[in-house]
Amino acid sequence: MANQNDKFKKVISHAKEYGYIFQSSEIYDGLSAVYDYGQNGVELKNNIRDYWWKAMVQMHDNIVGLDAAIFMHPTTWKASGHVDAFNDPLIDNKDSKKRYRADVLVEDYVGKLDAKIEKEVKKAAKRFGDAFDKEQYLATNPRVVQYKEKGDAILKRMGKSLENEDLADVKALIEELEIACPLSGSRNWTDVKQFNLMFGTKLGASADSAMDLYLRPETAQGIFVNFLNVQKTGRMKIPFGIAQTGKAFRNEIVARQFIFRMREFEQMEMQFFIKPGSQKKWYDYWKEHRLKWHLSLGMGEDNYRFHDHEKLAHYADAAADIEFRFPFGFKELEGIHSRTDFDLSQHEKYSSKKLQYFDHEENKSYVPYVLETSIGLDRMFLSVFSNSLVDETLEDGSSRVVLRLPAVLAPYKAAVLPLVKKDGLPEIARKIVEDLKWDFNVMYDEKDAVGRRYRRQDAAGTPYCITVDHDTLEDNTVTIRHRDTMEQQRVKITELKDIIKKEVDVKSWLMRM
Ligand code: ATP
């Protein structure tokens, strides 16, 4: 655990030191669970968004984009169920006065059981060596089976209690499991209460005509209310999708995990409109497709897993998360939800407008079913950033910090370094930057010894360093050094563009899907 904490602390401090993420309003001691993206962070974030947009919108003939406003008519949230049901169960510890999400306390307890299972697996793998069969071990080892059954039973019970609004049983569960407040260590809990996560605000200048509004807690509703606009003007045929990225706001009860859980964050969502009855097929399709998108980034298959929901949201008939191994354990990164016709039917009801599709093949109108994929851009950022940060020991015993970002996402693709600040080398280096910057984000760096500059670029995640030296003056060649292998190659200046392109081209990354 201490190890995990250390790693997470390193991620946070590295993100700050290298201009990725700053605490919001830091000079005023910050604002809780709100963050700003710095000069490198904004590039990485944009690149992740573009990678998603390319894969989800531009590579699909039947998916189009949208950019709906953050403010929406307040009835939207009545219809969607958010006013009545967008709650989290909260519980306070009377001694520390700290507030927790009751479901998260229980999930963390189960997470500890999972960690125990993982530990047993690791031990057994060591003991049995090549003969180790993980599946069989998980299914037969009595201790592991017991942990697993216990965890499943706990989650099932909590799922049922939350579904039935039986908050007393959630509290009972916390007491039975003897869960203590991590801060005070006490088990002196209040009752569990529901807390609505939407931020309210007002639209309009004069007090009496002002209208109560909410900041949207998800981007999805902007898609639903525009369903017919897009379908008709885009002449879309079912199945088709509408995708958008944008800010969402939630007054999270507990937000202590850096950009994992923020009060202002960004979502990348796609709603796929389908024929009623075909939801199982599309659910399976999008689960697999989205996992492939993640795997295309090459961050390790073992770092992902599916988690099927026991407790379904009010709108869903099936739901799964793609979980990622964050520095603090496996947690939700993306949700895939089969939303039925819930949203469109609700908006029909509340707006008294028909939100239906005329299916020429079937010769009838219906309210389409919806399959949703929903991922937090900031969470995706954290998964990429934390997984890439590595403390490496080199062959000569020295060490280096390297941010092995997938090259397609790296803020800068190359840094161009004159070996010394004289003899015409800076001029050539600047000329190379001028040429390359039409195609890639590149930077010029002449400060400090070249070794220091290499290390700085390694830590910032730049895949290539290009060094201009005195030989360049003679033969127009430069040294290109690769961040991960640290290999150096002598190449012609005219070859640089192709070499970099090969490594960072979106096509070659997405083709791995
Ligand atoms: P959680 O259970 O972690 O609160 P959720 O199930 O409420 O998440 P969804 O409503 O399904 O999340 O939102 C879809 C995605 O949006 C999540 O998978 C996550 O990546 C992202 N997300 C949700 N809430 C936040 C938040 N407070 N900060 C950052 N990202 C978030």
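The shell around the ligand divides into 5 nonpolar, 5 polar and 7 charged residues (Ala, Val, Leu, Ile, Met, Phe, Trp, Tyr, Cys and Pro count as nonpolar, Asp, Glu, Lys and Arg as charged, and the others, Gly among them, as polar). The model is predicted: local features need pLDDT of at least 70 and side-chain atom pairs pLDDT 80 or more, whereas totals for chains, interfaces and linings use all residues. Residues are numbered from 1 along each chain as its sequence is written, and side-chain values use heavy atoms, without hydrogens or water.

In total, 17 residues surround the ligand, each with a heavy atom within 4 Å of it. The closest are E252, R261, M262, E332 and L333. Polar contacts (pairs of N or O atoms within 3.5 Å) made by oxygen atoms of the ligand include the following.

| Residue | Protein partner | Distance |
|---|---|---|
| R101 | side-chain N or O atom | 3.4 Å |
| R250 | side-chain N or O atom | 2.9 Å |
| L333 | polar backbone atom | 2.9 Å |

The protein buries 87% of the 590 Å² that the ligand exposes when taken alone (Shrake-Rupley method, 1.4 Å probe). Strand 10 (264-274), strand 13 (329-340) and strand 16 (369-376) each give two or more residues to the shell; strand 13 supplies the largest share, 5 residues.

Elsewhere, helix 5 (residues 102-128) packs against helix 8 (residues 167-176) at about 35°, with axes 10 Å apart. Helices (H or I, at least four residues) and strands (E, at least two) are DSSP runs numbered from the N terminus; axes are lines fitted to C-alpha atoms, for helices over the stretch in contact, and angles run from 0 to 180 degrees between N-to-C directions. In this pair, A102, L105 and V106 of helix 5 meet V170, L173 and I174 of helix 8 (heavy atoms within 4.5 Å). The contact has 6 nonpolar residues, with no polar and no charged ones.

Methods
Polar contact = N/O pair within 3.5 Å; in protein donor to acceptor, adjacent residues only side chain to side chain.
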